[in-house]
Amino acid sequence: GSGAGGHKVMTYGLEGENVLKVDGPYAAPCQHIGEYDVVLLTAAGIGLTPFSSTLQSIINHRWASGQPPRDVHFHWSCRFTEVEAYLWFMRLISDLHKSYKVRRANQETVVFSVTLYLTGESTDAELAGLCETYGLTYAASGQQVDPDEHIIVKKVFAGLAKRYKDHHIGVFHCGPMGKDLNYHSRTQSRILTNRLHGERENTRFTLHAEVF
């Protein structure tokens with residue numbers, strides 16, 4: 001064919017075969033998870049899928065051999081009307097948390113915290129029943145959450161900054177990404193200022209994201 005200015009563009013190889021162009025490979029975000037002692041895992045909707053194997057690897061294998069990360073904080077946002085499609089994941093989280101509690105009982109200094117945000121219309125009774133089934137704690141926020149906005153906001157980062165002073169925290173995200181997560185994770189050697197508490201915490205956040 002012809003390109004700009006009438007120049008011919010080669011679309012075939014030397015033997016007349018079509019030229020195959022391959023773009024990639026691209027590394028998965030969680031490939032770097034072992035580089036941090038503390039990680040924040042965030043997912044929206046089906047973005048939790050890659051984290052199912054990641055969480056199992058950390059709790060069942062990496063911790064058993066003393067490999068990082070040591071502290072894992074997982075946040076997931078999902079519409080209540082879609083939660084039935086992810087009941088397999090709820091069961092997985094319940095099983096992993098039981099394994100975590102066994103390790104804590106054995107005096108292992110590891111942390112596994114899970115926060116699930118169910119957005120949309122639902123009753124307190126429906127949410128409480130769901131949490132009871134899977135051994136989770138339900139806390140009604142009384143707040144309306146816009147499902148189009150990501151749930152990771154300033155207070156999550158501020159809380160981690162206060163808890164992990166002078167740490168470098170890896171933020172791993174899969175799924176749609178809102179402006180809040182992108183803004184608070186833009187570190188690339190920058191320092192987060194925890195203005196919510198009037199203090200300056202030398203905590204760095206580095207974002208590894210797979211956005212779709």
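This briefing covers the fold, helix α2, the aromatic pairs, and selected histidine and cysteine residues of the structure above. The model is predicted. Its protein chain has five helices and five strands, and from the N terminus on these elements follow the order β-α-β-α-β-α-α-β-α-β. Of the 212 residues in the chain, 37% count as buried.

**Overall chain**

- The protein chain exposes about 12800 Å², and carbon and sulfur atoms supply 50% of that area.
- Among contacts in the chain with a separation of 6 or more, 74% come from residues 24 or more positions apart.

**Helix α2**

- Helix α2 covers residues 87-105, which makes 19 residues.
- At 1.5 Å a residue this helix should span 27 Å, and the prediction agrees with the model because the end C-alpha atoms are 27 Å apart.
- The buried residues of α2 are Phe89, Met90, Leu92, Ile93, Ser94, Leu96, Tyr100 and Arg103.
- Just after α2, Gln107 adopts a positive phi of about 70°.

**Trp88**

- Trp88 belongs to helix α2 and has a relative accessibility of 36%, so Trp88 counts as partly exposed.
- Outside its neighbours within four places in sequence, Trp88 is in contact with Leu48 and Ser52.
- Trp88 and Ser52 are 36 residues apart in sequence, and their C-alpha atoms are 9.9 Å apart in space.
- The Trp88 side chain also reaches the backbone oxygen of Ala85, at 3.3 Å.
- Trp88 is one of the residues in a cluster linked by ring pairs, together with Phe51, Phe74, Trp76, Tyr86 and Phe89.
- Within that cluster, Phe89 is also listed among the buried residues of α2.

**His97**

- His97 is another residue of helix α2.
- Its relative accessibility is 27%, so His97 counts as partly exposed.
- The C-alpha atoms of His97 and Phe112 are separated by 7.4 Å, with the two positions 15 residues apart along the chain counted as their separation.

**Aromatic pairs**

- The structure has nine aromatic pairs.
- One of them joins Trp63 and Tyr100; this pair is tilted, at 6.2 Å centre to centre and with 50° between the planes.
- Trp63 lies in the loop between α1 (49-62) and β2 (71-79), whereas Tyr100 lies in helix α2, so the pair ties together parts that are 37 residues apart in sequence.
- Both partners are buried: Trp63 has a relative accessibility of 6%, and Tyr100 has a relative accessibility of 11%.
- Phe157 and Phe205 form an edge-to-face pair, with 4.8 Å centre to centre and 70° between the planes.
- Phe157 sits in helix α4 (residues 154-163) and Phe205 in strand β5 (residues 204-210), so this pair ties together parts that are 48 residues apart in sequence.
- Phe157 and Phe205 are each buried.

**His75**

- His75 lies in strand β2.
- The relative accessibility of His75 is 9%, and the residue therefore counts as buried.
- The side chain of His75 makes a polar contact with the side chain of Tyr117, at 3.2 Å.

**Cysteines**

- Zero disulfides are found in a search of the whole structure.
- For Cys174, the closest cysteine sulfur is that of Cys30, at 5.5 Å, which is too far for a bond because a disulfide needs the two sulfur atoms within 2.5 Å.
- Cys174 is buried, with a relative accessibility of 1%.
- Cys78 is likewise buried, with a relative accessibility of 2%.

Terms used
Residues numbered from 1 in each chain as written. Predicted model: local features only at pLDDT ≥ 70, side-chain atom pairs only at ≥ 80, totals over all residues. Heavy atoms only, no water. Helix = DSSP H or I, 4+ residues; strand = E, 2+ residues; numbered from the N terminus. Expected span 1.5 Å × (residues − 1). Buried < 20%, exposed > 50% of the residue type's maximum accessible area, 1.4 Å probe, protein only. Contact = heavy atoms within 4.5 Å. Polar contact = N/O pair within 3.5 Å; in protein donor to acceptor, adjacent residues only side chain to side chain. Phe/Tyr/Trp six-rings, centres within 6.5 Å; stacked < 30°, edge-to-face > 60°. Areas by Shrake-Rupley, 256 points an atom, 1.4 Å probe, with all protein chains shown as cover.
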